[in-house]
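Reader: I would like to go through this structure with you and ask how each label is earned. Could you set the values against the definitions as we go?

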Amino acid sequence: MKITVIGSGYVGLVAGTCFSELGNDVICLDIDVEKIEALKKGVVPIYEPGLDELIVRNQKEGRLQFTTDKSKAIQFADIIFIAVGTPMGENYEADLRYVRAVAADIGTHMQSYKVVVDKSTVPVGTAEMVKVIIKENQPAYIEVDVVSNPEFLKEGAAIKDFMVPDRVVVGTDSDRAREIMQKLYQPLVRVDHPMVFTDIKSAELIKYAANAMLATRISFMNELSHLAEAVGADIKKVALGMGLDKRIGSRFLQAGVGYGGSCFPKDVQALIHSLKEAGCQARILNAVESVNQDQKLSLMPKVKRLVGNLAGKKIAVWGLAFKPKTDDIRDAPALQMIGEMQKRGAVIAGFDPVAESNCRKAGVDIEYVRKPLDALVDADCLVLMTEWDVFRGLDKEEMKRLMKSPSIVDGRNVYDQDEMCSLGFDYVSVGR
Ligand SMILES: NC(=O)c1ccc[n+]([C@@H]2O[C@H](COP(=O)([O-])OP(=O)(O)OC[C@H]3O[C@@H](n4cnc5c(N)ncnc54)[C@H](O)[C@@H]3O)[C@@H](O)[C@H]2O)c1
């Protein structure tokens, strides 16, 4: 099938590449000229494990192209995916300006029937809006179907999530579009990885509901972690005991430094906004959000307890991205912590396996080091913000030897508490 994906970011690039891997002819369109020029040369602008090879191979085999030419890309396809950003707006709503711009482009340039697919995370009613904008911009009437097909991939495991999805959700009111979507996704669908067809509005809501539920689990555990600390329980053991209950499951029960990234914070806020707009209350989600705001800075008192006055102190920060296996630093808790520590006069040496370049572009002004241990030299404290695997197996004796004072605030409960204490670290973690 002929597919155009508009927006070549974390979602669009992965979706376009995976569709080409499945044998489709794909054009990825973006307005970012630099990004498209790099992609044409096989230089991938984001870090996503396995993506580079897939892009290069499918490009070489002629199934995957990159362009900034809107009319070429839009006329080429039978199916057009909208995968542009939907960031948080001024009033915490989903800012749909990029989606609207793309809808106008599609209307202007389409010359035959298209299935237009909202893959971006968008509030209920967006597909309807997209259809209206497309029609308003068509020079003459051409039939179009707009369907909702939210994306559930996780950065860091995006290829696998796309190729082996738990489910594929498609919201449509058109039999023609349904048939086309079914054909497109047929290679990915299995008995236990089904395709779920719904009405359009339900599909749009499913994505927000799923993200809000995951965020709720995180805030729930973070709130309980305070009780665990107060009464001397261990939140990791609590999570283990809870998660083995099949009704609950073990995922997203890790207490830590709060959720960040490009999705949960804005999606929870957008859902709160939608609830309010519809005249409903958002009591649970307001609490989820407020617990998360506090949790992001919950390591500050712990750092102060170990280090005292931060002025002039050297703090090593391990992990800058919002989670491991990605270079995405949008709303990363590490950056907020760094800002707070710098405000108090701390000097920060930071390490992240892949996020340094994005941090530099975002103006995060710290000393960047190439190896985790380099950050520890003469450090007064290590603050671990993202649980990259590389931090797990490092030589603890060496870590201690390098630091001025062997203090660790482990925001992700990576290390064994008893081991760290017996090695002589002043070790503080979350909910233990
Ligand atoms: N990142 C994730 O893990 C993830 C997962 C599931 C869903 N989503 C959702 O998918 C959507 C995209 O997220 P992302 O992280 O890929 O965003 P992103 O910011 O990485 O990429 C968006 C891309 O769209 C391009 N763009 C903007 N306006 C355009 C236009 N008019 N024409 C062509 N290109 C245009 C930008 O230049 C950019 O390259 C969002 O709605 C997000 O909530 C993201």
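Reader: What percentage of the 432 residues of the protein chain count as buried?

Author: It is 54% of the 432 residues. Buried means under 20% relative accessible area, exposed means over 50%, and partly exposed is in between (1.4 Å probe, protein chains only). Please keep in mind that this is a predicted model, in which local features need pLDDT of at least 70 and side-chain atom pairs count only at pLDDT 80 or more, while totals for chains, interfaces and linings use all residues. Residues are numbered from 1 along each chain as its sequence is written, and side-chain values use heavy atoms, with hydrogens and water left out.

Reader: How do you know whether the radius of gyration agrees with that of a compact globule?

Author: The rule for a globule is 2.2 Å times the number of residues to the power 0.38, and the radius is taken over C-alpha atoms. For 432 residues that gives a value near 22 Å; the protein chain has 23 Å, so the two agree. Along the principal axes, the C-alpha trace spans about 75 × 50 × 40 Å.

Reader: What share of the contacts joins residues at least 24 apart?

Author: Contact means heavy atoms within 4.5 Å. Among contacts between residues at least 6 apart in sequence, 74% join residues at least 24 apart.

Reader: How many helices and strands does the protein chain have, and what makes a run count as one?

Author: There are 18 helices and 14 strands. They are DSSP runs, numbered from the N terminus: a helix is H or I with at least four residues, a strand is E with at least two.

Reader: Why are S11 and S14 said to stand at the edges of their sheet?

Author: The open sheet has 6 strands in the order S11-S10-S9-S12-S13-S14, with parallel pairing. Strand S11 (367-368) and strand S14 (426-428) each have a single partner strand, so one side of each is left without a neighbour in the sheet.

Reader: What makes S9 and S10 a pair?

Author: Two strands pair if DSSP finds at least two bridges between them. Strand S9 (residues 314-318) and S10 are joined by 5 bridges in the parallel sense, so the requirement of at least two is met. Lys314 has Val347 of S10 as its bridge partner, and Ile315 has Ile348 of S10. Elsewhere in the sheet, strand S12 (residues 381-384) and strand S13 (residues 407-410) run parallel with 3 bridges, and the bridge partner of Val383 in S13 is Val409.

Reader: Why is S9 described as covered on both faces?

Author: In a regular strand the side chains alternate between the two faces of the sheet. In S9, Lys314, Ala316 and Trp318 lie on one side and Ile315 and Val317 on the other, and all are buried. Its partner S10 (residues 347-351) is mostly covered too, with 4 of its 5 residues buried.

Reader: Why is Val307 called buried?

Author: Val307 has a relative accessible area of 12%, so it falls in the buried class. Val307 lies in helix H13 (residues 300-307). Leaving aside neighbours within four places in sequence, Val307 is in contact with Lys313, Ile315, Asp380 and Cys381. Cys381 is 74 residues away along the chain, yet the two C-alpha atoms are separated by 6.9 Å.

Reader: How do you know whether Asn211 is buried or exposed?

Author: Asn211 has 6% relative accessibility, so it counts as buried. Asn211 is found in helix H9 (residues 200-231), and it touches Cys263, Phe264 and Asp267, not counting residues up to four places away in sequence.

Reader: Why is Pro353 called partly exposed?

Author: Its relative accessibility is 35%, so Pro353 counts as partly exposed. Pro353 lies in the loop between S10 and helix H15 (356-361) and touches Trp388 and Val390, not counting residues up to four places away in sequence.

Reader: What is the phi of Asp331, and where is this residue found?

Author: Phi of Asp331 is near 55°, a positive value in a residue other than glycine. Asp331 is found in the loop between S9 and helix H14 (333-343). At 37% relative accessibility, Asp331 counts as partly exposed.
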